[in-house]
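Open the model in a viewer and keep the sequence panel beside it. The stops below say what to select and what is there.

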Amino acid sequence: MESRNDPEGVALSPHERLALWGIEAGLRQDRRLARRMRHPGARPAWLPLSVAVLTCVSLLLLVTGILTSDLTALWCLAALWPVTVLLAFRMLRRAADAGGRSRTWP
């Protein structure tokens, strides 16, 4: 026995309807997915911008530390460089994930 209660006119059995409701309930609980569905294509631009700024500041501190032998500049570089590298890896991982989502399975 099939039902035509769907607005698209697709006939689903009670078992299929129950499975679909379960999938939809699981998707409704995913807040990140809901946010992405509300704003498709809107990616925050703060990560690439912050990596660029931190890289420039790190290079400036490196050059300043080498030319002046100032320990303060070198310690600031030692504190700032790992943060810059971690954010750069995060940015690359996001770019790789976005590239992987656009592929289709054969």
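The tour goes from the whole chain to single residues.

**Before selecting anything**

This is a predicted model, in which local features need pLDDT of at least 70 and side-chain atom pairs count only at pLDDT 80 or more, while totals for chains, interfaces and linings use all residues. Residues are numbered from 1 along each chain as its sequence is written, and side-chain values use heavy atoms, with hydrogens and water left out.

**Stop 1: the whole chain**

Show the chain as a cartoon. It has four helices and zero strands, in the order α-α-α-α along the sequence. Helices (H or I, at least four residues) and strands (E, at least two) are DSSP runs, numbered from the N terminus.

Now colour by pLDDT, the predictor's confidence in each residue, from 0 to 100. The chain average is 82, and 80% of the residues score at least 70. Among the elements, H3 has the highest mean pLDDT, 93, and helix H2 the lowest, 78.

Switch to a surface. About 9000 Å² is exposed, and carbon and sulfur atoms supply 67% of that area; accessible areas come from the Shrake-Rupley method with a 1.4 Å probe, and for residues only the protein chains shown count as cover. Of the 106 residues in the chain, 14% are buried. Buried means under 20% relative accessible area, exposed over 50%, and partly exposed in between (1.4 Å probe, protein chains only).

**Stop 2: helix H2**

Select residues 31-38, which form helix H2. How many of the eight residues of H2 are buried? The count is zero, so H2 is hardly covered. Add Asp30, which caps the N-terminal end of H2: a side-chain oxygen of Asp30 lies 3.3 Å from the backbone nitrogen of Arg32. A polar contact is a pair of N or O atoms within 3.5 Å; within protein, one must be able to donate a hydrogen and the other to accept it, and residues adjacent in sequence count only if both atoms are side-chain atoms.

**Stop 3: the core**

Select Leu47, Val51, Leu54, Leu61, Ala73, Leu77, Leu80 and Leu87, the eight residues of the largest nonpolar core. The elements giving two or more residues to this core are H3 and helix H4 (71-102). A nonpolar core is a set of buried Ala, Val, Leu, Ile, Met, Phe, Trp, Tyr and Cys residues joined through side-chain atoms within 4.5 Å.

Centre on Leu61. Apart from its neighbours within four places in sequence, Leu61 is in contact (heavy atoms within 4.5 Å) with Ala73, Cys76, Leu77 and Leu80.

**Stop 4: Ser50**

Move to Ser50 in helix H3 (residues 46-68). Ser50 counts as buried because its relative accessibility is 19%. A polar atom of the Ser50 side chain lies 2.9 Å from the backbone oxygen of Leu47.

**Stop 5: from H3 to H4**

Select Ser69, in the loop between H3 and H4. Ser69 is not a glycine, yet it has a positive phi of about 55°. With 56% relative accessibility, Ser69 counts as exposed.

On either side of the loop, pick Val63 in helix H3 and Leu74 in helix H4. Their C-alpha atoms are 9.4 Å apart, with the two positions 11 residues apart along the chain. The C-alpha atoms of Leu74 and Thr64 are separated by 8.2 Å. Val63 is partly exposed at 46% relative accessible area, and Leu74 is partly exposed at 34%.

**Stop 6: the cysteines**

Finally, select Cys56 and Cys76. Cys56 is exposed, at 52% relative accessible area, whereas Cys76 is partly exposed, at 39%. A search of the whole structure for disulfides finds zero; a disulfide here is a pair of cysteine sulfur atoms within 2.5 Å.
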